[in-house]
Amino acid sequence: MAVVAEDPSLYAIRAGVLRRKLLDKAFVILGLLVLVAALAVLLALFLDLVVQGAPRLNWDFITSYASRKPEKAGILAAWVGTSLVMVVTACVAMPIGVAAAIYLEEYAPKNWFTAIIEINVTNLAGVPSIIYGLLALGLFVYKFNLGQSIAAAGLTLALLILPIVIVATREAVRAVPRSIREAAYALGATRWEVTAHHVLPYSMGGVLTGMIIGLSRAIGETAPIITIGALSFIAFLPSPPITGEFPFLSFAWLKDAFTAMPIQMFNWVSRPDPGFRINAAAAGAILLGMTLLMNGVAIWLRYRFRKKINW
Amino acid sequence: MKSTSIFAVAAATAAIAAFGVAPADAVAQQAIKIDGSSTVFPISEAVAEEFQIAKRGKVRVTVGISGTGGGFKKFCRGEIDIADASRPISKSEMDACAKAGIEYIELPVAYDALTVAVNPKNTWVDSITVAELKKMWEPAAQGKVKTWKDVNPKWPARPLELFGPGSDSGTFDYFTEATVGKSKSSRGDYTASEDDNVLVQGVESDANALAYFGYAYYAPNAAKMKALRVVNSKGQPVGPSPQGVLDGSYEPLSRPIFIYVSKASARRPEIKEFVEFYLLKGAPLVEEVKYVPLAQASYSRAVANFRSGKVGTAFGGKNEVGLTVEELLAREARF
């Protein structure tokens, strides 16, 4: 606040206040406009896809396999493939990402070694996804002999989103007030107890936000999963994770071949028959819907976590 | 983790519950793996679809797209049973397969007619000679041949806007071989796209445009563009059509496309059945996806070659232009 010493007249002060209030309002309006513009683009894109794909947006489309006839083709193999790959990605990226972030924030000594790790993690977030694809092709597909499987794709995408999860988790962990930790230490809690009972639960909202951003990126990735060899035509589902016999759970699906939504769309867009473009639009709308649904669940969970926090 | 995994497991479970597909004995499934050219993909996809319907899901067929070169890489490593190829196997690929001990049977499955198309507003050209195409596309044309008049003085001095596939495409290899005379030898200053629909849009929207792409991309858009007749070696201008391809008059821009079947895989009954299905029941499917089926006699001959286990390629690692399938099937194969 500048003190208006040179010009003591009340009028000038009022004008100044008014100007700053106007500026304040103007900024609110600007912010709102930017937000509306961003949402409008997304909405326009989504509506465009829905309108274009409307003739194909029906139950048959979701429950049929790909076909040479655009009006018979569907996305069953693609959406099941995408869902399963996302399960693997989330199950791998979350624990590793959170553990890495907690180590870096709570345990790691501040020295040149951790500095290098930190710089690398941040840099990794900017590496083009195709590089992850090539790495995964050499490492997961051939070295670990996973083949062109759901597991290989899930691990690849997990690597891809790991930096995002780590950075978001670190931010969230850092946001937990120092006083909470000190209070716990004062009561005799060990470092692990402080982390597990206080820091981690309180930062869960931020961790989930990181997961949302990471998985939203992963679900639309095409380049790395094409590189590791996702298929374009597949007319069967991976083996079911739940079986009729003991132990009722099966992990055979991890080794199965798959296709994913972005690949199916990419394939359709490049086909000569214009009918496939309608399919691609419909698949795009459903992929966006899947992303929104996934995020919706995470946002709801985040809300529940935040409600439990009462400092 | 909880959120997303719960969702996805629920989704997967719902999928399985809803559609009742739970083959518990997935291990006993027979699988056929195909990969390779995106040009051949629509045919393999159609055959795979019909074959699986015919076998009531007892055999699982998967088809990938890694390009002809990528397909051969996997094929020569023994990862797949059948390679889709829009050009014959090259010398280096033959060597790679030989080194890995992978023997293969080369089977032509259809023809593709490369189509040279212009905008419908183009009134000055209806047919074109190979020499004119060469003048347009050869590397020496780069920066020099900029107008239609530069190619043929009878044509107007309008800018020449060229559209063509990128250099990774088998279509590019064949077109340059057939017009310029050397595979992959082309000018670089044209609008290149790996997505043929971009080329189609280019021709549709630009009155000065000329593009080349597979017949499958021309057929559904025939009303919106003009396909040029290409003067063949007998001096007749012939437009792209299934008849022209079959009677051999649409040359040199028609080419056979292939599948390569691994000899080791061909011993498996399901592969044998699939390949015979491909060759004997494939013709209507080939037509449906806008390629030109071979003559019935050629398919029978190909089946005979397959049954007798004739391994090797009739090309010896070179991409030859203007070869009929009959000549090709009768040739002594080299490995």
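Begin by selecting strand E6 (residues 161–164) and strand E7 (residues 191–192) of chain B, which pair in the parallel sense over 2 bridges. Strands pair here if DSSP finds at least two bridges between them; helices (H or I, at least four residues) and strands (E, at least two) are DSSP runs, numbered from the N terminus. The model is predicted: local features need pLDDT of at least 70 and side-chain atom pairs count only at pLDDT 80 or more, while totals for chains, interfaces and linings use all residues. Residues are numbered from 1 along each chain as its sequence is written, chains are lettered from A and ligands numbered from 1 in the order in which they are written, and side-chain values use heavy atoms, with hydrogens and water left out.

Within the first pair, centre on Phe163(B), which stands opposite Thr191(B) in E7(B). Add helix H7 (residues 170–179) of chain B: together with E6(B) and E7(B), H7(B) makes a right-handed β-α-β unit. A crossover is right-handed if, with the strands pointing away from the viewer, the path from the first strand over the helix to the second runs clockwise.

Next, select strand E8 (residues 209–214) of chain B, a parallel partner of E6(B) over 3 bridges. Here Glu161(B) faces its opposite residue, Ala209(B) of E8(B).

Move now to the open sheet of 3 strands in chain B, ordered E5-E10-E11 with mixed pairing. Strand E5 (127–128) and strand E11 (237–238) of chain B lie at the edges with a single partner strand each, so one side of each has no neighbour in the sheet. E5(B) runs parallel to strand E10 (residues 229–231) of chain B, joined by 2 bridges; Ser127(B) is opposite Arg229(B) in E10(B).

Select helix H2 (residues 41–54) of chain B. Its 14 residues reach 20 Å from first C-alpha to last, close to the 20 Å expected at 1.5 Å a residue, the expected span being 1.5 Å times one less than the number of residues. Of these 14 residues, 11 are buried, so H2(B) is largely enclosed by the rest of the structure. Buried means under 20% relative accessible area (1.4 Å probe, protein chains only); Phe41(B), Ile43(B) and Phe51(B) are among the buried residues. After the helix comes Arg56(B), with a positive phi near 50°.

Finally, colour chain B by pLDDT, the predictor's confidence in each residue, from 0 to 100. Chain B averages 85, and 90% of the residues score at least 70. Confidence in chain B is lowest in helix H1 (residues 2–19), at a mean of 43, and highest in strand E3 (residues 82–85), at 94. Where pLDDT is low, the predicted coordinates should not be read in detail. The model scores ipTM 0.76 and pTM 0.80.

Technical notes. Buried means under 20% relative accessible area, exposed over 50%, partly exposed in between (1.4 Å probe, protein chains only).
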